[in-house]
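Please look at the sequence and the structure below. A short report follows.

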Amino acid sequence: MNWASWLFWGFVATLVLTTALEASQGLRLTRMNLPYMLGTMLTPDRDKARLYGFLVHLLGGWVFALIYVGAFEFSGRVSWWRGGLIGVLHGLFVLVVGVSLLPGLHPRMASEHHGPSANRGLEPPGFFALNYGFQTPLSILLSHLLFGIILGAFYTLKV
Amino acid sequence: MPVASEAAKRAALVPDHELLRLVECTAGEVRLQLVFQPRAAYGAAPVRVRPRGRLGLRMEVGGGVYWLRGTHDLDCAEDRAWSDLNLRDGQSAQFSLTYSSDAPAVLGCLGEAARARLAESRRWWCDWADRATYDGPHCAAVRRSALALKLLTYAPSGAMVAAPTTSLPERVGAGLNWDYRYCWLRDASFTVRALAGLGYWEEAEAFLNWLLFATWLTQPELRVMYTVFGETPPPERTLSHLRGFRDSPPVRIGNGARGQLQLDVYGEVIDAVAQFASHGRRFDRPTQRVLLRFGEYVRTHWHLPDEGLWEPRSGPRPHTHSRLLCWTALDRLCTMIDQGVIERAVAAPFHAAAEAIRHDIVTNAWNARLESYTSVLGGDTLDASLLLMSWYGFETADSPRMRATHAAIARDLRAGPALLYRYRRDPPEGAFGICGFWEVEYLARGGGSVEQAATALEQLLSHMNDVGLMAEETDPDTGAALGNFPQAFTHVGLINAALSLQARRQGAPTLVHRAASAVPNPSRSHP
């Protein structure tokens with residue numbers, strides 16, 4: 001595996017993904033804010049949560065990039081469309097599995113079944129994260145597509 | 001609207017914006033019908049209400065989300081929700097409406113958690129009110145006014161809106177309906193004095209910082225008003241689908257006065273800065289340069305006719321009040337240069353311009369026939385804002401000219417006991433709230449006796465409503481509130497009047513931010 005290429009392009013792809021999600025928020029397409037959601041798992045302080053969440057998201061991006069890179073190395077082929085395809089699958093996984101697991105994993109997120117409590121008040125994402133805006137699925141799919149395309153286009157296989 | 005201390009907000013996730021309603025039945029039985037029918041775009045667009053099980057009812061509006069939750073079940077149809085409740089002695093109901101625009105919402109938790117938020121809010125407001133250092137007459141009214149000002153402040157920026165409403169009519173059926181949900185620079189000097197005078201330095205500083213920030217992009221020119229974000233308000237337009245309060249259209253949003261030339265705002269801003277400087281605050285070099293640029297603008301534009309502080313839509317005129325504030329701007333600049341607050345600057349050109357303005361006012365704004373200063377140069381009408389000549393130190397309150405001007409104003413603009421019209425108008429409008437308080441200040445600063453000032457203040461306070469709030473104007477016949485409500489300007493006037501009265505009783509100096517050497521007082525140079 002080309003560790004240097006993974007580290008660098010994994011970092012770049014995560015930055016682009018984060019930027020795309022932030023831009024979606026700025027354009028009021030979605031209220032999904034992954035750094036904020038990850039950060040509030042660690043602290044209720046909103047300002048710190050955004051910072052911690054960004055760092056966790058960066059590390060998470062590298063870990064997920066490792067899966068992409070593993071798939072490229074395993075198949076022995078890498079291209080932008082292969083990366084994009086994995087990105088779409090990744091996005092679908094986040095939308096279908098990730099968000100449904102989140103209320104159980106997140107210590108401050110309300111449950112759809114029990115409603116909010118004193119310590120768990122954060123709005124859960126709901127099916128396909130639609131609670132965060134009806135364009136949220138599109139925003140997640142597109143940002144993960146970008147993530148995959150960058151890795152697929154720029155990662156170089158170990159020779 | 002629950003509030004929490006910064007420490008509490010760091011310790012727990014709380015809703016960004018929440019309206020919390022608690023209904024308690026203290027005796028017998030009461031039937032309560034709750035109807036929730038939200039509308040977006042100023043009532044033009046219905047909002048779809050979607051039930052989301054135990055999370056509550058959810059509404060999405062323009063990228064933001066509202067959640068309504070209650071301790072009792074809410075039925076809902078397409079665009080509304082309702083509930084019929086029967087509460088018996090000791091029973092209660094709670095409802096929470098939250099809003100979030102930029103991240104997943106935090107939902108309002110009910111039950112004991114809601115009671116805790118309510119208790120925390122009460123504690124927070126009591127602590128805030130207790131910070132006031134004022135212990136003079138009418139303490140409760142002054143504190144209530146301070147609370148009103150705090151509630152009119154946009155916390156993230158420190159900006160204060162003139163009123164939270166639009167188009168409450170100044171006179172029913174007269175079309176005098178305006179949007180006041182913006183921040184007027186005119187209020188700067190009075191507001192800083194009111195907040196600082198009560199010991200709310202943090203709020204005064206936040207307001208001043210917003211002021212300097214908001215004006216950064218347009219300086220050396222100043223806009224009349226800005227949004228709480230420091231932007232120019234939108235153009236004025238009429239919402240024709242709304243009937244208006246008491247069927248008194250139009251309902252306007254935006255403000256057409258945003259493009260007017262009102263030269264008095266320079267004096268207000270520089271006077272606010274000078275008040276801060278007199279308490280030891282120092283300003284960085286870029287801010288000093290901005291102040292000098294404001295001064296330079298005044299020095300070269302003071303002679304222009306402008307729209308003036310009342311913002312009539314009838315075109316520019318040479319308003320005495322605007323000249324007075326141009327003089328004030330240059331006078332305070334000279335003081336700050338002399339005191340070293342503004343460094344590496346020469347006061348002489350500003351001093352010379354201030355002298356020219358002073359001469360212009362003394363010569364052309366005085367009407368010998370009326371024995372009064374007049375609202376415009378060479379005019380023959382009066383204006384209550386002329387009472388401010390002593391507030392800014394242009395004349396002493398007990399000078400012959402100020403006494404004569406006050407007598408003329410009291411004769412011509414009196415609307416009722418202690419109430420003043422701002423100017424004569426046919427048909428007459430309501431008595432203008434702050435003008436009555438200006439008169440109290442004039443009396444307290446030496447234009448009358450302590451007793452006169454105290455009596456006038458007491459009479460004005462009788463026009464507060466049951467929770468101590470005041471509008472822009474008061475109907476002199478019925479005592480009804482007129483215009484947008486509650487009005488920051490009126491409450492600022494109330495606080496300053498009480499402070500001036502207290503200062504007079506204590507023999508405290510006024511105008512400490514004005515050096516005696518700045519620009520000569522005209523009352524020394526004319527009879």
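In this predicted model, the buried residues of helix H13 of chain B pack against three helices of chain B: H3 (139–151), H12 (433–447) and H14 (488–506). Those buried residues are B:Ala453, B:Ala456, B:Leu457, B:Leu460 and B:Leu461. Viewed along the axis of H13(B), they fall within an arc of 135 degrees, so they line one face of the helix. An α-helix has 3.6 residues a turn, so residues three or four places apart point the same way.

Helix H7 of chain B can be described in the same terms. Buried in H7(B) are B:Leu291, B:Phe294, B:Gly295 and B:Val298. Seen down the axis of H7(B), these residues lie within an arc of 95 degrees and therefore line one face of the helix. On the other side of H7(B), the exposed residues are B:Arg285, B:Pro286 and B:Thr300. The buried residues of H7(B) pack against H6 (264–277), H8 (320–338) and H9 (348–364), helices of chain B.

The table sets out the lengths of the two helices.

| Helix | Residues | End-to-end C-alpha distance | Expected span at 1.5 Å a residue |
|---|---|---|---|
| H13 of chain B | 450–461, twelve residues | 16 Å | 16 Å |
| H7 of chain B | 285–301, 17 residues | 24 Å | 24 Å |

For H13(B), the reach is close to the expected value; for H7(B), the two values agree.

Chain B also touches chain A. The contact takes 23 residues from chain A and 20 residues from chain B. On the side of chain B that touches chain A, twelve residues are nonpolar, four are polar and four are charged.

Note on methods: Residues numbered from 1 in each chain as written. Chains lettered and ligands numbered in written order. Predicted model: local features only at pLDDT ≥ 70, side-chain atom pairs only at ≥ 80, totals over all residues. Helix = DSSP H or I, 4+ residues; strand = E, 2+ residues; numbered from the N terminus. Expected span 1.5 Å × (residues − 1). Buried ≥ 20, exposed ≤ 12 C-beta atoms within 10 Å, placed from the backbone. Arc of directions from axis to C-beta. Contact = placed C-beta atoms within 7 Å. Nonpolar A, V, L, I, M, F, W, Y, C, P; charged D, E, K, R; others polar.
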